[in-house]
Amino acid sequence: QLVPLAERTNALLEDVFVDGNGGRHDVSDMERFIASKPRHGEKSQHVTMFIWATDLGVMYARTRDSRYARKLVELFRAYNRAFPRRVTNTNPENPWLDESHPPGWHEMFVGKAAMHMVATLYTGILHDPSVTLGDVYILIKKLWFYAAQFTRFTKVETYKHYNHHWYERGACPFMLGLMFPEFEGFEAMRERGREVINQHLELDFFDDGSYLEHSTCYNAGTMGADLLVPWTCAFANDFPLIKPENLGHVRSWLSWCAGLTRPDGVLPAIGDEFDSTPLNRLGRGAVLLGDPGLKGFSESLNALAGGAEALGYWADNVLGLEECLLPAWEALPSDRPSFASAVFPDGGWVALRDSWEPDAMYFALSAIRPPMGANHGHWDLLHFLAYARGRSFIADPASWIYNGYYTAERRG
């Protein structure tokens, strides 16, 4: 999020949805907005994923201001009318659950909507007097309906290496199954999700330990949503998730993330990219792996960031760590990573630095070898960036080509 939480929620009070890039959208008529068919991949489509409800819930938790609860009720009722519970496609190999209703319910959208509903429950906003029991019942029923769609994948054994499969068949079913074991079929869904997550950790990496997709943004996004968030959920519930034989790829991936992170705390723009901020990934990874070096680097970036709202996080701490992780974070010693530079020849990544401090000398190179690491990558061979004493010295930003032009057709 590029816009702070308070600004996003105050805009919602005026019927304006602020998307992840800062774009503003009139949602005074939610049904009409959804019927306008925002395209797949557009930030405006995120309104269908219930993100706005979680924003209102978090702001309510901070302020106990009933205006946010009343706006939640108003928008949710319109959202519910716009998205009736219906599925027109029951083929477990086809990800589009509802092809009859715009803008086309892809299983990733359904999963993210369900997870944002879960997050909204935990904010306490549904206990406000302005929220009726009828509203709560409809929300819980909708949450169950969305979550239950993923039970159809429990007996599907196919594997596809891309990040959608990891989230839709692994991370999302695992978390929903873990958190709602009382629902019929959800425990089996949880176990299948765990297997898929570990399958991707085993198969989606080169021999040098780097992830298959040659894009810093998609590395960071997949690492966060598909690995670290479900792992945090498992950690909070004392449930084993990562198989010991897959921890090596987890460590190498987080080492890649630390090594590629620029001195200003941002990943370089390589492949499909829009300046990912990896601080939360590094902080979570430090706790879950018990890695003092990642903690030390995270603390340095934390000090550089200067405040949670500057980065638009929901959490009250800039690291974005949930309460369940904080005791382990406090108990973990702090150091610096044991390496300064990192080279991943198979994945095509080179990161050189002389220290882990904000004024470091830093150089990053894209050395992709076609067709290795092609997903979300560009044919921008030898693309490089350099920082001198913490300041940008040579910049070569990657092109962000996604909507309307698929990268396989428009690399360059």
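This talk goes through the charged pairs, the aromatic contacts, one cavity and a few individual residues of a predicted model.

Let me begin with the salt bridges, of which the structure holds 14. Glu31 and Arg81 form one of them, with their closest N and O atoms 2.9 Å apart. That pair joins distant parts of the chain, since Glu31 belongs to helix H2, residues 30–35, while Arg81 belongs to helix H4, residues 66–82, and the two are 50 residues apart. As for its surroundings, Glu31 counts as partly exposed, because its relative accessibility is 33%.

A second salt bridge brings together the side chains of Asp65 and Arg67, again with 2.9 Å from N to O. Asp65 is partly exposed, with a relative accessible area of 22%, and Arg67, at 39% relative accessibility, also falls in the partly exposed class.

The third one I would like to show is between the side chains of Glu107 and Arg169, where the N to O distance is 3.2 Å. Here too the contact links distant parts of the chain, with Glu107 in helix H5, residues 107–122, and Arg169 in helix H7, residues 163–179, 62 residues apart. Are these two partners buried or exposed? Glu107 has a relative accessibility of 2% and therefore counts as buried, and Arg169, at 9%, counts as buried as well. Salt bridges that share partners also occur, and they join Asp15, Lys71 and Glu74 into one network.

Please keep Arg169 in view for a moment, since its contacts are not limited to that carboxylate: Arg169 also lies over the face of Phe153, at 3.8 Å from the ring centre. Elsewhere, Lys295 is placed over the face of Trp329, in this case at 5.0 Å from the ring centre.

That brings me to the aromatic side chains, for which the structure holds 19 aromatic pairs. In one of these, Trp52 and Tyr79 are arranged edge-to-face, with 5.8 Å from centre to centre and 65° between the planes. This pair likewise links distant parts of the chain, as Trp52 sits in helix H3, residues 51–63, and Tyr79 sits in helix H4, the separation being 27 residues. Trp52 counts as buried because its relative accessibility is 0%, and for Tyr79 the value is also 0%, so Tyr79 counts as buried too. Another pair, Phe145 with Tyr146, is tilted, at 6.4 Å centre to centre and 55° between the planes, and both of these residues are buried.

Which residues form one aromatic cluster with Trp52 and Tyr79? They are Phe50 and Phe76. Phe50 deserves a separate word, because it has 0% relative accessibility and so counts as buried. Phe50 is found in the loop between H2 and H3, and its phi is positive, about 75°, although the residue is not a glycine.

There is a further non-glycine residue with a positive phi, namely Asp15, for which the angle is about 65°. Asp15 is found in the loop between helix H1, residues 5–13, and strand S1, residues 16–18. With a relative accessible area of 18%, Asp15 is buried, so the call rests on a cut-off of under 20%. This is the Asp15 that takes part in the network with Lys71 and Glu74.

Turning to empty space inside the model, there are 3 cavities of 30 Å³ or more, and I will describe the second largest cavity, which holds about 50 Å³ of space. Its lining is made up of Leu72, Val73, Phe76, Leu126, Val131, Asp135, Val136 and Leu139, so that Phe76 appears both here and in the aromatic cluster. H4 and helix H6, residues 133–148, each supply at least two residues of this lining. How do the lining residues divide into nonpolar, polar and charged? There are 7 nonpolar, no polar and 1 charged.

I will finish with Phe393, which lies in strand S9, residues 391–394. Phe393 counts as exposed, because its relative accessibility is 61%. The C-alpha atoms of Phe393 and Phe363 are separated by 9.7 Å, with the two positions 30 residues apart in chain numbering.

Definitions and conventions: Residues are numbered from 1 along each chain as its sequence is written. This is a predicted model: local features need pLDDT of at least 70, side-chain atom pairs count only at pLDDT 80 or more; totals for chains, interfaces and linings use all residues. Side-chain values use heavy atoms; hydrogens and water are left out. A salt bridge is a side-chain nitrogen of Lys or Arg within 4 Å of a carboxyl oxygen of Asp or Glu. Helices (H or I, at least four residues) and strands (E, at least two) are DSSP runs, numbered from the N terminus. Buried means under 20% relative accessible area, exposed over 50%, partly exposed in between (1.4 Å probe, protein chains only). Rings of Phe, Tyr and Trp (its six-membered ring) pair if their centres lie within 6.5 Å; planes under 30 degrees apart count as stacked, over 60 as edge-to-face and the rest as tilted. A charge sits over a ring if NZ of Lys or CZ of Arg is within 6 Å of the ring centre and within 35 degrees of the ring normal. On a 1 Å grid over the protein atoms alone, a cavity is a set of points where a 1.4 Å probe fits but cannot get out, and a pocket is an open set with protein on both sides within 12 Å along at least five of seven lines; lining residues have an atom within 4 Å of a point. Grid points are joined across faces, edges and corners, and a volume is the space filled by probe spheres set on the points. Ala, Val, Leu, Ile, Met, Phe, Trp, Tyr, Cys and Pro count as nonpolar, Asp, Glu, Lys and Arg as charged, and the others, Gly among them, as polar.
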